[in-house]
Amino acid sequence: MTVVWPEVKLYLSEASTELIEVDDDLRTANAKIDGCSVTVSVEAYDYGKSDMMVRATRFGMNRGDMAKLITDRITNRLEK
């Protein structure tokens with residue numbers, strides 16, 4: 001968890017076309033990426049383990065393909 005949340009914020013700030021909105025208490029961040037509104041939340045559930053949820057919408061419609069792409073990119077950065 002100590003690595004996931006900072007990496008999520010770093011990735012979103014690099015990929016977003018606008019400033020990202022971050023709530024460090026809830027570990028939630030909102031960004032605009034490729035015309036989509038993206039929300040990423042990170043929850044720690046055990047020592048050294050966390051869940052990351054990514055949601056992407058465009059024109060009010062869920063974009064699972066974009067959410068998966070962002071999830072994959074963040075996961076790849078974490079695995080380096």
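How many bridges pair strand 3 and strand 4, and in which sense? In this predicted model, the two strands pair over 9 bridges, in the antiparallel sense. The sections below place that pairing in the whole fold.

The protein contains 2 helices and 5 strands. Along the sequence they follow the pattern α-β-β-β-β-β-α. The C-alpha trace spans about 40 × 20 × 20 Å along its principal axes. The radius of gyration is 12 Å, which agrees with the value near 12 Å that a compact globule of 80 residues would have. Buried residues account for 29% of the 80 residues. About 5400 Å² of the protein is exposed, and carbon and sulfur atoms supply 50% of that area. Of the contacts between residues at least 6 apart in sequence, 29% join residues at least 24 apart.

The 5 strands form an open sheet. Their order is 1-2-3-4-5, and the pairing is antiparallel. Strand 1 (21-23) and strand 5 (61-62) stand at the edges. Each has a single partner strand, so one side of each is left without a neighbour in the sheet.

Strand 2 covers residues 28-33, and strand 3 covers residues 36-46. These two strands pair over 6 bridges, again in the antiparallel sense. Within this pairing, Lys32 has Ser37 of strand 3 as its bridge partner. On the pairing of strand 3 with strand 4, Asp46 stands opposite Lys49 in strand 4. The hairpin of strand 3 and strand 4 has 2 residues between the strands. Gly48 takes a positive phi near 80° in this hairpin.

Strand 4 also pairs with strand 5 in the antiparallel sense, over 2 bridges. Here Arg58 stands opposite Met61 in strand 5. This hairpin, too, has 2 residues between its strands. In the hairpin of strand 4 and strand 5, Phe59 takes a positive phi near 55°.

Both helices lie across strands of the sheet. Helix 1 (residues 4-15) lies across strand 1, strand 2, strand 3 and strand 4 (49-58). Helix 1 runs at about 25° to strand 2. Helix 2 (residues 64-79) lies across strand 2, strand 3, strand 4 and strand 5. The angle of helix 2 to strand 4 is about 145°.

Two buried residues illustrate the packing, one in a strand and one in a helix. Is Ser41 buried or exposed? Ser41 lies in strand 3. Its relative accessible area is 17%, under the 20% limit, so Ser41 is buried. Neighbours within four places in sequence aside, Ser41 is in contact with Arg27, Thr28, Asp51, Met52 and Met53. In a regular strand, side chains alternate between the two faces of the sheet.

Ile74 is found in helix 2. Its relative accessibility is 0%, so Ile74 counts as buried. Which residues does Ile74 contact, leaving aside neighbours within four places in sequence? They are Val8, Tyr11 and Met52. Met52 is also among the contacts of Ser41. Val8 and Tyr11 fall within the residue range of helix 1, 4-15, and Met52 falls within that of strand 4, 49-58. The C-alpha atoms of Ile74 and Gly60 are separated by 24 Å. These two residues are 14 apart along the chain.

Definitions and conventions:
Residues numbered from 1 in each chain as written. Predicted model: local features only at pLDDT ≥ 70, side-chain atom pairs only at ≥ 80, totals over all residues. Heavy atoms only, no water. Pairing = 2+ DSSP bridges. Helix = DSSP H or I, 4+ residues; strand = E, 2+ residues; numbered from the N terminus. Contact = heavy atoms within 4.5 Å. Axes fitted to C-alpha atoms, helices over the stretch in contact; angles between N-to-C directions. Rg over C-alpha atoms; globule rule 2.2 N^0.38 Å. Buried < 20%, exposed > 50% of the residue type's maximum accessible area, 1.4 Å probe, protein only. Areas by Shrake-Rupley, 256 points an atom, 1.4 Å probe, with all protein chains shown as cover.
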